[in-house]
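Reader: Before I rely on a model of this kind, I would like to learn how its features are read, one at a time. Could you take me through them?

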Amino acid sequence: MSSYVDKEFFYYLRGRELLLYKLLGSRNRTRITQTGILQSYHNELMYPDENIENGLRVEYTALNEPFVAEALETTNAKASGINISFVGNKIVTTTSNFWDTISGFASGDRIRVQGSSSNDGDYTISDFSGTDNKLLGAGVILVEETAGQRITVTQISKEVASPDSTSSINLNKMLCLAVVDYVKAMIHEERGEIDKKEYYIKEFYSKLADNESNKRIISSAFPVSPFAVR
C-alpha cells in the first residue's frame with residue numbers, strides 16, 4: 001500500500017458510488033492500455049494498481065447533519081468491556097455506575113455500539129436504571145446477547161433539527177474558526193472592503209492548513225554525545 005494515500009489517491013462521487021483513482025506521477029512510467037504500451041511523462045489519474053488490504057478511510061463532512069447539540073471536542077464519552085450484555089431494551093453491565101459516572105454518558109446522548117453479534121448500530125440513551133445504574137436504556141428492543149465479547153459504546157454527535165445560538169457546527173474547533181473567517185470575508189466583500197476581505201480569506205486558508213498539519217505528528221531524534229552540554 002502506498003505511504004501517502006492522502007496525496008496519491010483521489011475519489012469521485014457518482015450517485016451512491018465512490019470511484020477511486022490513483023495519481024500517476026510525472027515520471028517515466030509504462031502501462032498497458034487497449035492500444036498497446038503507453039509511456040507517461042505527465043500527471044494523470046488511473047485505476048489503482050495495487051490491493052488495499054485493510055481498506056481506505058475517506059474523511060468528509062456530512063451535509064445532512066450540519067448542526068449538532070455540542071462541540072465535537074466534548075463528544076468524548078466512551079465505554080468498553082467484556083461484561084456487557086443486551087436484554088430487552090437495555091444494555092447491561094456488571095460494573096456499578098459504569099455508564100454515567102465512569103464513562104461520562106448522560107440521558108439523551110447519541111451512542112454507537114460496536115463489537116456485538118447483532119446489536120451494532122446507533123441509539124439514543126433514554127435513561128439509566130437498576131442497582132447503581134447498571135442498566136442503560138437504548139430506546140428500542142435489542143437482540144438478546146450474553147456477555148463475553150468486547151463491546152464498545154461511543155458517544156457520537158447528535159443532530160439538531162432547529163439550530164439556535166447554543167448549537168455547534170459539525171466540525172472541529174479549528175474548522176469552526178475557519179468558517180467564521182470565511183463568513184467575515186464574504187460580509188466585507190459585499191461591503192466593498194476588499195482589503196479586509198483578503199485578510200479574512202488569508203486567515204481562512206491559514207486555519208485550513210493548521211487543521212491538516214494537526215493530523216500529522218512528526219518526531220525527530222538526534223544522537224547525543226555523552227559530553228554534550230545540556
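Author: What follows goes from the whole chain to a sheet, a surface patch and a few single residues. Please keep in mind throughout that this is a predicted model.

Reader: Let us begin with the whole chain, then; how many helices and strands does its secondary structure come to?

Author: The secondary structure comes to four helices and 15 strands. Of the 230 residues, 26% count as buried, while the chain exposes about 16,100 Å², of which carbon and sulfur atoms supply 53%. As for contacts along the sequence, among those with a separation of 6 or more, 59% are between residues 24 or more positions apart.

Reader: How should I read a sheet, and in what order do the strands of the open sheet come?

Author: The general idea is that strands of a sheet pair through backbone hydrogen bonds, in either a parallel or an antiparallel way. In this structure, three strands form an open sheet in the order β1-β2-β5, and their pairing is antiparallel. The edge strands are β1 (9–14) and β5, each of which pairs on one side only, and the twist from one strand to the next averages 40°. Looking at one pair in detail, β1 and β2 (residues 17–24) are joined in the antiparallel sense over six bridges, and Tyr12 stands opposite Leu19 in β2.

Reader: Turning to the surface, which residues form a nonpolar patch?

Author: The nonpolar patch is formed by Tyr11, Leu13, Leu18 and Val58, which together have about 350 Å² of accessible area. One of these, Val58, is found in the loop between β5 (44–46) and β6 (67–68), and Val58 counts as partly exposed because its relative accessible area is 30%.

Reader: Now for single residues: is Phe98 buried or exposed?

Author: The reasoning rests on a cut-off, since buried means under 20% relative accessible area; Phe98, at 9% relative accessibility, therefore counts as buried. Its place is in helix α2 (residues 98–102), and, when residues up to four places away in sequence are not counted, Phe98 touches Ala79, Ser80, Ile84, Thr93 and Ser103. The C-alpha atoms of Phe98 and Leu136, which are 38 residues apart along the chain, are separated by 9.6 Å.

Reader: And what does Lys197 touch beyond the residues up to four places away in sequence?

Author: Lys197 touches Ala185, Met186, His188 and Glu189. This lysine has its place in helix α4 (residues 194–213), and Lys197 is buried, because its relative accessible area is 17%.

Reader: For a residue in a strand, where is Thr154 found, and which residues is Thr154 in contact with?

Author: Thr154 is found in strand β14 (residues 151–156) and, with a relative accessible area of 22%, is partly exposed. Leaving aside neighbours within four places in sequence, Thr154 is in contact with Ala77, Lys78, Phe105, Arg110, Ile111, Arg112 and Gln114. From C-alpha to C-alpha, Thr154 and Asn76 are 7.6 Å apart in space, although 78 residues apart in sequence.

Reader: Finally, I would like to look at backbone angles; what is phi of Asn97 near?

Author: Phi of Asn97 is near 50°, a positive value in a residue other than glycine. Asn97 sits in the loop between β9 (90–93) and α2, and is partly exposed, with a relative accessible area of 27%. Asn133, not a glycine either, has a positive phi of about 55°; Asn133 lies in the loop between β12 (128–129) and β13 (135–137), and is partly exposed at a relative accessible area of 22%.

Technical notes: Residues are numbered from 1 along each chain as its sequence is written. This is a predicted model: local features need pLDDT of at least 70, side-chain atom pairs count only at pLDDT 80 or more; totals for chains, interfaces and linings use all residues. Side-chain values use heavy atoms; hydrogens and water are left out. Helices (H or I, at least four residues) and strands (E, at least two) are DSSP runs, numbered from the N terminus. Buried means under 20% relative accessible area, exposed over 50%, partly exposed in between (1.4 Å probe, protein chains only). Contact means heavy atoms within 4.5 Å. Patches are made of residues with over 30% relative accessible area and no salt bridge: like charges are joined within 9 Å, nonpolar side chains (Val, Leu, Ile, Met, Phe, Trp, Tyr) within 5 Å. Accessible areas come from the Shrake-Rupley method with a 1.4 Å probe; for residues, only the protein chains shown count as cover. A salt bridge is a side-chain nitrogen of Lys or Arg within 4 Å of a carboxyl oxygen of Asp or Glu. Two strands pair if DSSP finds at least two bridges between them. Axes are lines fitted to C-alpha atoms, for helices over the stretch in contact, and angles run from 0 to 180 degrees between N-to-C directions.
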